[in-house]
Amino acid sequence: MTLLVLTLAVPTAEKVRSESDLATALVQLLPSVLTYTMSFLTAGIFWVGQQTQISQLERTDRNLTWIGLGFLFAVTLLPFSTQLLAHFIQLRLALVIYWLNIVMLGFVLLAGAQYAYRKHYFRGDDAEQRHTMSLLRRRIFVAQALYAAATALCPINTYVSIVLIVLIQLNYVLAPQIPILRHL
């Protein structure tokens, strides 16, 4: 996650000669700050999801470890998709590529859960494992559907999509404390 900060570049000294120049340069960084924040939240949300899955495991194996590494691969793509979106925030394709990164994260997270479920690696008896898998699957599918709906609005305006993505992310960060949103 710390690599994401590399998408935020300090304004160059050649372009900054006054307080006003610095203020202008910082304003020009706002798209990068916005996408950095989005990506930090994305990585954090998926990290919590992965840790939740891991905390439910009774055991693991080499294949599940490789699926986990696939998840980390998708995480390492976040700086690229973030920087692309920051530089081309008004272009739909940049937003779609960012969204595809989110899809990849969700897919690999689901693949790990499905694998663990098929191998009976989750804690508990069959009913408890089914319940765990049902909760994990629902959370991933609902989140992916919400992200897809937000991205689908980008032909109208990419900023509308981005605002909705941030609201979805804030829901997943704050929802555990808000009873009505806990179930999303």
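**Exercise 1. How do helices α2 and α4 run relative to each other?**

Task: In this predicted model, describe how the axes of α2 and α4 meet, and which residues make the contact.

Solution.
- Step 1. Take helix α2 (residues 30-55) and helix α4 (residues 78-87). Their axes come within 9 Å and cross at roughly 150°.
- Step 2. Apply the cut-off: an angle over 145 degrees counts as roughly antiparallel. That makes α2 roughly antiparallel to α4.
- Step 3. Add the handedness. The crossing of α2 past α4 is right-handed.
- Step 4. List the residues. From α2 come P31, S32, T35, Y36, M38, S39, T42 and A43; from α4 come L78, T82, L85 and A86.
- Step 5. Sort them by class. The contact of α2 with α4 holds seven nonpolar residues, five polar and no charged.

**Exercise 2. Is α4 mostly covered or uncovered?**

Task: Find the buried residues of α4 and the helices that they pack against.

Solution.
- Step 1. Count. Seven of the ten residues of α4 are buried, and the helix is mostly covered.
- Step 2. Name them. The buried residues are L78, P79, S81, T82, L84, L85 and A86.
- Step 3. Look at the neighbours. These buried residues pack against α2, α3 (62-76), α5 (92-118) and α7.

**Exercise 3. How do α5 and α6 run relative to each other?**

Task: Repeat the reasoning of the opening exercise for α5 and helix α6 (residues 126-152).

Solution.
- Step 1. The two axes come within 10 Å and cross at roughly 170°.
- Step 2. Therefore α5 and α6 are roughly antiparallel to each other.
- Step 3. Many side chains can be picked out here. On α5, the contact includes L95, W99, I102 and L109; on α6, it includes M133, L136, I140 and F141.
- Step 4. By class, the contact of α5 with α6 has 15 nonpolar, five polar and two charged residues.

**Exercise 4. Which kind of pair do Y36 and F40 form?**

Task: Classify this aromatic pair, then the pair of Y115 and Y121.

Solution.
- Step 1. Recall what is needed. A pair of aromatic rings is described by the distance of the centres and the angle of the planes.
- Step 2. Count the pairs. There are two aromatic pairs.
- Step 3. Classify Y36 and F40. Their ring centres are 6.2 Å apart and their planes stand at 40°, so the pair is tilted.
- Step 4. Place them in the chain. Both residues lie in helix α2, four residues apart, about one turn of the helix.
- Step 5. Check the exposure. Y36 has 21% relative accessibility and counts as partly exposed. F40, at 39%, also counts as partly exposed.
- Step 6. Turn to the other pair. Y115 and Y121 are edge-to-face, with 6.3 Å centre to centre and 75° between the planes. Both Y115 and Y121 are buried.

**Exercise 5. Is T158 buried or exposed?**

Task: Locate T158, judge its exposure and list its contacts.

Solution.
- Step 1. T158 is found in helix α7 (residues 158-174).
- Step 2. Its relative accessibility is 3%. The cut-off for buried is under 20%, so T158 counts as buried.
- Step 3. Leave out residues up to four places away in sequence. T158 then touches I89, Q90, L91, R92 and L95.

**Exercise 6. How many helices and strands does the protein have?**

Task: Sum up the overall fold.

Solution.
- Step 1. The protein has seven helices and zero strands.
- Step 2. Its C-alpha atoms fill a box of roughly 65 × 35 × 30 Å along the principal axes.
- Step 3. Of the 184 residues, 36% are buried.
- Step 4. Take the contacts with a separation of 6 or more. Residues 24 or more positions apart account for 70% of them.

Note on methods:
Residues numbered from 1 in each chain as written. Predicted model: local features only at pLDDT ≥ 70, side-chain atom pairs only at ≥ 80, totals over all residues. Heavy atoms only, no water. Axes fitted to C-alpha atoms, helices over the stretch in contact; angles between N-to-C directions. Helix = DSSP H or I, 4+ residues; strand = E, 2+ residues; numbered from the N terminus. Parallel < 35°, antiparallel > 145°, perpendicular 65-115°, else oblique. Left-handed = near helix turned anticlockwise from the far one by under 90°. Contact = heavy atoms within 4.5 Å. Nonpolar A, V, L, I, M, F, W, Y, C, P; charged D, E, K, R; others polar. Phe/Tyr/Trp six-rings, centres within 6.5 Å; stacked < 30°, edge-to-face > 60°. Buried < 20%, exposed > 50% of the residue type's maximum accessible area, 1.4 Å probe, protein only.
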